[in-house]
Amino acid sequence: IYNNSWVAIAHNGNITNEKELLALMPGLKRATGMDTEYILRLLECTRTGSIERDLASVFEKLEGSYSLLIMLKDRIIAVRDKTGNRPLSIGINGNGSYYVSSETCAFPSLNVKFLQDVEAGTMVTISDQGLSKTRFAEPMLKMCRFEATYFASAASMVFDESVIRFRMRMGV
């Protein structure tokens, strides 16, 4: 709960500094074994009234590789860590509704046009006012080619490159 509202989070990646995060929250009794819980627990401890500012403070403490979709009652926030290792894209349909996906190939079947990738070290807030970006860290790109080699659909674009073209180039 943030400012008396529920928060939902979808997480693709891994938080790798568990010991350091536990030291920031002595006595924490975890409800799950998922590393995503650290994000929510740190957010509970950080309440300035600005969700973007509080999330930026949380992300400063995290190490690892992640893309996130955070849903609140009045907005969604798409996040990519500073390494940009996990892809995350935003699309828009003809009615002006926004979509967020880790796979660009999800957009065409929904009649959604690719709009942009979420940049590394950035969160994009989508609300009734449209899109706004907040940079919380300077990018330190460490993009994993396993995304394009094994994980992503051949129909997707990952790291500004067609997955199928990347795979064909790797085969050469």
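I began with the secondary structure, and I counted 5 helices and 10 strands in the protein chain, taking helices (H or I, at least four residues) and strands (E, at least two) as DSSP runs numbered from the N terminus. The chain has a radius of gyration of 17 Å, close to the 16 Å that the globule rule gives for 172 residues, so I noted it as being as compact as a globular protein of that length; the radius is taken over C-alpha atoms, and the rule is 2.2 Å times the number of residues to the power 0.38.

I kept in mind that this is a predicted model, in which local features need pLDDT of at least 70 and side-chain atom pairs count only at pLDDT 80 or more, while totals for chains, interfaces and linings use all residues. I number residues from 1 along each chain as its sequence is written, and my side-chain values use heavy atoms, with hydrogens and water left out.

Next I looked at the box that holds the C-alpha atoms, which is roughly 55 × 40 × 30 Å along the principal axes. Of the 172 residues, 42% are buried, a word I use for under 20% relative accessible area, with exposed meaning over 50% and partly exposed in between (1.4 Å probe, protein chains only).

I then turned to the aromatic rings and found 2 pairs, where rings of Phe, Tyr and Trp (its six-membered ring) pair if their centres lie within 6.5 Å, and planes under 30 degrees apart count as stacked, over 60 as edge-to-face and the rest as tilted. In one pair, phenylalanine 59 and tyrosine 66 have ring centres 5.9 Å apart and planes at 40 degrees, so I logged the pair as tilted. In another, the ring centres of phenylalanine 59 and phenylalanine 136 are 4.8 Å apart with planes at 50 degrees, so this pair is tilted too.

Which parts does the pair of phenylalanine 59 and phenylalanine 136 tie together? Phenylalanine 59 lies in helix α3 (residues 51-61) and phenylalanine 136 in the loop between β8 (130-135) and α4 (146-151), so the pair joins parts that are 77 residues apart in sequence.

I also checked whether these residues are buried or exposed: phenylalanine 59 is buried at 3% relative accessibility, tyrosine 66 is buried at 2%, and phenylalanine 136 is buried at 13%. My last note is that ring pairs link Phe59, Tyr66 and Phe136 into a cluster.
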